[in-house]
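Colleague: I'm new to this one and would like a quick tour. Can you put it up on screen?

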There are 2 protein chains.
Amino acid sequence: MAETKVRVRDADATKARILEAAKEEFAKLGLGGARVDEIADRAKANKRMIYHYFGSKEELFKIVLEEAYIDIRTAEQSLDLEHLPPREALCKLVTFTWRYYLENPEFIRLVNSENLHKARHIKESDRLREVSRRFTGMVHDILKRGETEGVFRPGVDPVQLNITIAAIGYYYLTNRFTGSFLFEQDFMAPEALDARLAFNLDTVMRLVEAR
Amino acid sequence: MAETKVRVRDADATKARILEAAKEEFAKLGLGGARVDEIADRAKANKRMIYHYFGSKEELFKIVLEEAYIDIRTAEQSLDLEHLPPREALCKLVTFTWRYYLENPEFIRLVNSENLHKARHIKESDRLREVSRRFTGMVHDILKRGETEGVFRPGVDPVQLNITIAAIGYYYLTNRFTGSFLFEQDFMAPEALDARLAFNLDTVMRLVEAR
DNA sequence: ATCGAAAGTAACTAAATAGTGCGTTACCTG
DNA sequence: CAGGTAACGCACTATTTAGTTACTTTCGAT
């Protein structure tokens, strides 16, 4: 049988460790600030392996980013929003998005870094375009169903709504350091986090509900 | 009289050129990616001058950031929102915020960079705390006035509202590169920009208006 | 006019840092 | 078990970069 013996050499495991370490390092310092030596150390791998498996720092970043996007979209798909009443579906999406950002802080930071570089790394990824289409379609369907049922007003642009749902969570978290200082309150205090989620749910609902 | 002669040596002018060049470079590549040599070249100054006037790269970044914040808060103050009816005041604030981000793209990028570094550069600035307080107070007053007049519903948290107003503009612009790719539309097309502003005004108004 | 201080320059250093050349070791297949 | 292939590691290089040393030039006050 396979894997009874602890493998000293295991390409897949090494690759996985490098990717995990790279995700952390890139998230912490951005593409420019990340250090390849640090990634190698953290992955308990040799730097040479990074170049062997991924070719370059930029290629490694590309893979890390693609994986991060695939992960969130996959999680979204498994919410099964198609089978929920429109209002519940939307609430669940807003809550999920918020929680996902909270629990996967690397995601936000990787996206920030990619936008600093004008999205040049993901531009070629057909997989990402694919999963994004599915996602936009899903929100579109929720809005349509709500419209038909009379609980949502007509004419809400699904792309704008998507952006807003992301924005009100994302901005709060990515700018929590300057925010905590400028508004003189701890953005990460549990009550503050709860209050923000409640406010965001309210914002989205008021935006789509038929009055 | 002063300044008839073109001064070959002018400390103030050199400082100003360095600050301007630094703002551009830091905005373009972040604190980590920015190069001191590049800033010196762009400012048509000698690198030594940067260290003479500002001490270090980090100190320079600190000043650039502080100036950027002061600039936007000063512009906001001059909107004179206190003397406008509450609904108009809020619309004007949302529109101003959007336009400011659009016309001063460095601001967003500097803030992103500062948050990547956990806001450690602005933490000491009393000036910033001061202008921020004034700003929060202003939004608070608008909400209070609207409440009294019966056009706004009671109980809207001014800090949450502030964050949301910033978020829905900021996120769209800072993530426009990944956004344009993932949603397959040009986020910077003039019609797209107009549509976003309209959507944001709608979002904020629905959020605060008494029904 | 001249002298001292401030403005400005060029060339350097020490430390990082992305990427490699080349050799070694484990594992699988036949 | 032999031998090839893939996994792995060390130590190096070429370059970049923040920061500095030691110098020259300009300008205004006396």
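Colleague: By class, how many nonpolar, polar and charged residues are in the lining of the largest pocket?

Modeller: The lining has 23 nonpolar, 16 polar and nine charged residues. Nonpolar here covers Ala, Val, Leu, Ile, Met, Phe, Trp, Tyr, Cys and Pro; Asp, Glu, Lys and Arg are charged; the others, Gly among them, are polar. This is a predicted model, where local features need pLDDT of at least 70 and side-chain atom pairs pLDDT 80 or more, while totals for chains, interfaces and linings use all residues. Residues are numbered from 1 along each chain as its sequence is written, chains are lettered from A and ligands numbered from 1 in the order written, and side-chain values use heavy atoms, without hydrogens or water.

Colleague: And how much space lies in that largest pocket?

Modeller: About 830 Å³. Arg109(A), Asn112(A), Ser113(A), Asn112(B) and Leu116(B) are closest to its centre, out of 48 lining residues. A pocket is an open set of points on a 1 Å grid over the protein atoms alone, where a 1.4 Å probe fits, with protein on both sides within 12 Å along at least five of seven lines; lining residues have an atom within 4 Å of a point. Points join across faces, edges and corners, and the volume is the space filled by probe spheres set on them.

Colleague: Which residues line the second largest pocket?

Modeller: From chain A, Arg206(A), Glu209(A), Ala210(A) and Arg211(A). From chain B, Arg206(B), Glu209(B), Ala210(B) and Arg211(B). By class that gives two nonpolar, no polar and six charged residues. The space in this pocket is about 270 Å³.

Colleague: Switching to the two chains. How many residues does each put into the contact?

Modeller: Chain B puts in 56 and chain A 55. Contact means heavy atoms within 4.5 Å. The two chains bury about 5100 Å² between them, and 64% of that is on carbon and sulfur atoms. Tyr171(B), Phe181(B) and Arg206(B) supply 14% of what chain B buries against chain A, more than any other three residues. Buried area is the accessible area (1.4 Å probe) that two parts lose on being put together, summed over both.

Colleague: How many helices and strands are there in chain A?

Modeller: There are 10 helices and zero strands. Both are DSSP runs numbered from the N terminus: helices are H or I with at least four residues, strands are E with at least two. The C-alpha trace of chain A spans about 65 × 50 × 35 Å along its principal axes.

Colleague: Now the DNA. Which residues come nearest to strand C?

Modeller: Arg9(A), Arg35(A), Lys47(A), Arg48(A) and Arg9(B), out of 21 residues around DNA strand C. Sugar and phosphate make up 52% of the strand C atoms within 4 Å of the protein. A residue counts as near a strand if one of its heavy atoms lies within 4 Å of it.

Colleague: Which element gives the most to that surface near DNA strand C?

Modeller: α3(B), with four residues. The surface near strand C has eight nonpolar, three polar and 10 charged residues.

Colleague: Which side chains have a polar atom close to a phosphate oxygen of strand C?

Modeller: Tyr51(A) is one, at 2.9 Å. Thr14(B) has a side-chain N or O atom 3.1 Å away from a phosphate oxygen. For Tyr53(B), the distance is 3.4 Å. A polar contact with DNA is a pair of N or O atoms within 3.5 Å.

Colleague: And which residues are closest to strand D?

Modeller: Arg9(A), Arg9(B), Arg35(B), Lys47(B) and Arg48(B), among the 20 that surround it. Arg35(B) puts a side-chain N or O atom 2.5 Å from a phosphate oxygen of strand D. Backbone atoms join in too. A polar one of Ala34(B) is 3.2 Å from a phosphate oxygen of strand D, and a backbone N or O atom of Asp10(A) lies 3.3 Å from one.

Colleague: Which element supplies the largest share of the surface near strand D?

Modeller: α3(A), with four residues. By class, the surface near strand D has eight nonpolar, four polar and eight charged residues.

Technical notes
A polar contact is a pair of N or O atoms within 3.5 Å; within protein, one must be able to donate a hydrogen and the other to accept it, and residues adjacent in sequence count only if both atoms are side-chain atoms.
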